[in-house]
Amino acid sequence: MKAVAIIREVPDTEAVLNIAGDGKTIDMSGVKFIINPYDEYAIEEAALLAENNGAESYLIAVGGADMTKNIRSAIAKGANKKGDIAFKEVRHLIVDGTMESNSLAEKLAEEVKSIGADVVFLGKQYIDNDDYLLGPFLANKLEANCVTVVTQTEYADGSVSVNREIEGGAEAIDVAFPAVVTLQKGVNEPRYAGMKGIMKAKKVAIDSKEISMDNNVLEVVSYELPPAKAPGRVIDGDNAVSELVDALKNEAKVL
Amino acid sequence: MAKVLVVAEQRDNKIKSISYEVATYAKSLGDVVGVVVGSSVSEEAKSLGNYGIETVVAVEKAELATYSPDAYAQAVADVANEQGADIVLMGATSMGKDLAAHVGAKLGAGVAQDCIAINEDLTAKRPVYAGKLIATVQLSTDKKVYTLRANTAKAEEASVGVTVSAKEFAANPAVSVKELLVSANKKLDVAEANIIVTGGRGMGGPENWNLIENAAEVLGAATGASRAVVDAGWRPHAEQVGQTGKVVSPSLYIACGVSGAIQHLAGMKTSKFIVAINKDPEAPIFKVADYGIVGDVMEVLPTLADELKKVLA
């Protein structure tokens, strides 16, 4: 079995993002980048498959030229206690500037095809664009099955049984390979990188190449700040609660 | 004039209210046709006629009872092509966002997710970076797919004569649902509620959740939870409101003992009215609240439930 974990960098959630002078890009200078939090599940899942199922696991990292440090952390997070690296190969697709899901899916499909993967893991969402597009777009280009928001996996020959989270419960689904699977919290417990893994990760060869976003179907025309909300009021005093209820009824008219 | 295909979402063959909002909104974009996919939806499909849609295609098959991305997307894509739709529109629910991505892929269409507006020139506004910014995006493909956030439009009744036509569909889902593991709890889901009462770490512990539940009951509201309390195991993940939980946009959101981290705000700040109850006057939640009470939730909530009962009885 060949498994691929795809990780991508995103701006740290606490980063202050300023709109650049052109009004349609973000000024990323000084912004700290992290690996998309949900991608940790992809790293762990691919590592587990290598350790427990004898799979050949690969790591593909997408992000700027400065991503190396984060990539090495990711490699270390996939290592076992002895520091053995789970990944047969680590590739870095360097993107300068804004990423777009269709272009990215195309480039990733090329990489995944060159590996001949049975299963591809992604995090269920990217916390910068919240677009939920990469998984389905990638699956479509790979002509692979796609299942998203997966909270449990059990592997068999040529397929995986998953639990997919839905409102009010879960669906038990069998998915034949090749498959793109996006992972939700709870599917596994990402391990902490151990010292041995961190040391060995420093020596892992990373195969880097620059890619360009040359088949965008979505472009950002402009960015703006969300509409400023009129300041609310804090109601104090002994009768605060009844005043609140009154306001909700007669002012806001939501009751 | 553009041709718009509205994909109405159903659960247990009942159309979700967000779909009526989408139907109303679609009229501003062009000529509207509806589609519903499910096991037994042709009767229910007629309800779209109450919201101005004259033509609805019902794709009915036993195997389509539950959402299967490939089958549903193929059905929608087929109908979109048959109807000559330039635009495909649906609610930005968890199913909607997933389905929209697959429909977009099949149609070779760009997809704009979780839109809070679609302009006349078909650019769309959508929140990004945990709602810190609003991006106006343009889809360059001939066909365009959009998902619309709840409460972006108000569903407007406009009864017209409606024709529901059945469409044959050879559903052979590559990915099929073996079993539905439904939680026994049939509570109102946060994503579908008009009023939500949410608890955060300020509630002190899961044993105090009856305070949230009592207030919610008086209001006919759903109960929500911050990520912190879900991570702590106090409340189920289904209740989590936030960027990585559910994004909600109800008429009234009452945040109790919630500090207001960016990721939580991303999930609720487009709510029409927000009430914050927190001991800490500096809590960021007050910055987005329309009304706030600085106080102990343990005291405020019971009083709130009582006062609400007086007004709503």
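Here's a short chat about a predicted model, covering a sheet, the helices across it and the domains of chain B.

Reader: What is the strand order in the open sheet of six strands?

Author: The pairing in this sheet is parallel. At its edges sit strand E14 (233-234) of chain A and strand E15 (222-225) of chain B, each pairing on one side only. Reading across, the order is E14(A)-E18(B)-E17(B)-E16(B)-E14(B)-E15(B).

Reader: Which residue is the bridge partner of B:Cys256 in E17(B)?

Author: Start with the strands: E16 (residues 252-256) and E17 (residues 273-278) of chain B run parallel and are joined by five bridges. For B:Cys256, the partner in E17(B) is B:Ile277.

Reader: At about what angle does helix H6 of chain A run to E18(B)?

Author: This helix spans residues 240-251 of chain A and lies across E17 and strand E18 (291-294) of chain B. Its angle to E18(B) is about 170 degrees.

Reader: And helix H5 of chain B, at about what angle does that run to E14(B)?

Author: H5 covers residues 209-219 and lies across strand E14 (195-199), E15 and E16 of chain B. Relative to E14(B), H5 runs at about 175 degrees.

Reader: How many residues of domain 2 of chain B are in contact with domain 1 of chain B?

Author: The domain assignment puts domain 1 at 3-167 and domain 2 at 190-312. Their C-alpha centres lie 30 Å apart. Nine residues on the domain 1 side take part, split into three nonpolar, three polar and three charged. On the domain 2 side, the number in contact is 13.

Terms used:
Residues are numbered from 1 along each chain as its sequence is written. Chains are lettered from A and ligands numbered from 1 in the order in which they are written. This is a predicted model: local features need pLDDT of at least 70, side-chain atom pairs count only at pLDDT 80 or more; totals for chains, interfaces and linings use all residues. Two strands pair if DSSP finds at least two bridges between them. Helices (H or I, at least four residues) and strands (E, at least two) are DSSP runs, numbered from the N terminus. Two residues are in contact if their C-beta atoms, placed from the backbone, lie within 7 Å. Axes are lines fitted to C-alpha atoms, for helices over the stretch in contact, and angles run from 0 to 180 degrees between N-to-C directions. Domain bounds come from an automatic or database domain assignment. Ala, Val, Leu, Ile, Met, Phe, Trp, Tyr, Cys and Pro count as nonpolar, Asp, Glu, Lys and Arg as charged, and the others, Gly among them, as polar.
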